[in-house]
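Please look through the sequence and the 3D structure before reading on. The text then goes from the whole chain to single residues.

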Amino acid sequence: MTMEETLARWLAEEKTVMARMEAGAGAGVATPAQIAGKTGLETMQAMLAGNLPYPPMARTLDFMLVEVGDGSAVFQGSPGAAHLNPMGTVHGGWFATLLDSAVGCAVHTRMPAGRAYTTAELSVNIVKALTPKVARVRAEGRIIHSGRQLATAEGRLVGPDGTLYAHATTTCLVFEVPAQSRA
């Protein structure tokens with residue numbers, strides 16, 4: 001598949017997902033009652049279906065969830081002028097946030113109902129500068145290990161031509177959600 005075909009496919013997926021999410025719950029934060037009894041994968045799938053709100057931060061940083069599976073999550077983003085550092089390239093914080101979302105949500109898909117996680121460590125390696133000339137990039141997160149107390153995942157940030165811009169790993173602490181937080 002050519003870069004143009006890949007980009008066209010990415011844009012079509014993005015348009016379909018965004019239409020569903022905006023027609024549904026829109027941007028916001030899910031309440032404990034909305035996610036009670038759902039696994040992490042069910043929660044992420046409900047967000048993609050528009051049945052649960054998606055995080056408003058996604059609008060601010062111009063990225064979105066486009067795909068989830070068992071142990072995986074894919075986000076797509078558009079690096080823009082608002083994300084530039086003083087040198088005219090995309091700020092490392094944008095890379096880190098997009099990759100943290102992908103690897104964290106990959107972990108999220110493995111959470112049983114009543115369990116949650118928090119990032120304990122995130123390591124990002126930027127291997128190529130990114131400018132707004134690259135229309136879209138994808139952060140693809142995949143689980144490495146999902147245990148009772150720890151989960152690890154890895155991610156890659158790539159362009160539609162396959163160029164690797166950054167890669168990351170995370171270690172997440174897994175814990176029981178307190179009963180009062182589930183109601």
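What follows is a walk through a predicted model, starting with the overall fold and ending with pairs of charged side chains.

The protein chain contains six helices and six strands. Read from the N terminus, its elements come in the order α-α-α-α-β-β-α-β-β-β-β-α. The radius of gyration of the protein chain is 16 Å, close to the 16 Å that the globule rule gives for 183 residues, so the chain is as compact as a globular protein of that length. Measuring along the principal axes, the C-alpha trace spans about 45 × 35 × 35 Å. Of the 183 residues in the protein chain, 43% are buried. Contacts can also be sorted by how far apart the partners are in sequence: among those between residues at least 6 apart, 68% join residues at least 24 apart.

One part of the chain carries a label from a database. An unreviewed UniProt entry places the feature "domain: Thioesterase" at residues 87–164. In the model, this span is 22% helix and 41% strand, and its end C-alpha atoms lie 20 Å apart.

Now turn to helix 5, which covers residues 92–108. Helix 5 has 17 residues, and the distance from its first C-alpha to its last is 24 Å, close to the 24 Å expected at 1.5 Å a residue. How much of helix 5 is covered? Twelve of its 17 residues are buried, so the helix is mostly covered by the cut-off of under 20% relative accessible area. Among the buried residues are W94, F95, L98 and L99, and further along the list come C105, A106 and V107.

S101 is another of the buried residues of helix 5. Why does S101 count as buried? Its relative accessibility is 13%, and buried means under 20%. The side chain of S101 reaches the backbone oxygen of T97 at 2.9 Å. Leaving aside neighbours within four places in sequence, S101 is in contact with F63 and F75.

A single loop residue is also worth a look. D62 sits in the loop between helix 4 and strand 1, the strand being residues 63–69. Phi of D62 is near 55 degrees, which is a positive value in a residue other than glycine. With 41% relative accessibility, D62 counts as partly exposed.

The last topic is charge. Side chains of opposite charge can pair when their charged atoms come close. The structure holds six salt bridges, and three of them are described here.

The first to look at joins E13 and R9, whose closest N and O atoms are 3.0 Å apart. Both residues lie in helix 1, residues 3–23, and they are four residues apart, about one turn of the helix. An α-helix has 3.6 residues a turn, so residues three or four places apart point the same way. E13 is partly exposed at a relative accessible area of 22%, and R9 is partly exposed at 37%. The pairing also belongs to something wider: R9, E13 and R138 are linked in a network of salt bridges.

Another salt bridge is formed by the side chains of R59 and E22, at 3.0 Å from N to O. R59 lies in helix 4, residues 57–61, and E22 lies in helix 1, so the pair ties together parts that are 37 residues apart in sequence. Is R59 buried or exposed? R59 counts as exposed, with 52% relative accessibility, while E22 is partly exposed, with a relative accessible area of 35%.

The remaining pair to consider is R115 and E176, a salt bridge in which the closest N and O atoms are 3.4 Å apart. R115 lies in strand 3, residues 115–126, and E176 lies in strand 6, residues 164–176, so this pair ties together parts that are 61 residues apart in sequence. R115 is buried, with a relative accessible area of 18%, whereas E176 counts as partly exposed at 45% relative accessibility.

Terms used: Residues numbered from 1 in each chain as written. Predicted model: local features only at pLDDT ≥ 70, side-chain atom pairs only at ≥ 80, totals over all residues. Heavy atoms only, no water. Helix = DSSP H or I, 4+ residues; strand = E, 2+ residues; numbered from the N terminus. Buried < 20%, exposed > 50% of the residue type's maximum accessible area, 1.4 Å probe, protein only. Polar contact = N/O pair within 3.5 Å; in protein donor to acceptor, adjacent residues only side chain to side chain. Contact = heavy atoms within 4.5 Å. UniProt positions renumbered as here; feature names shortened; annotations may be inferred. Expected span 1.5 Å × (residues − 1). Salt bridge = Lys/Arg side-chain N within 4 Å of Asp/Glu carboxyl O. Rg over C-alpha atoms; globule rule 2.2 N^0.38 Å.
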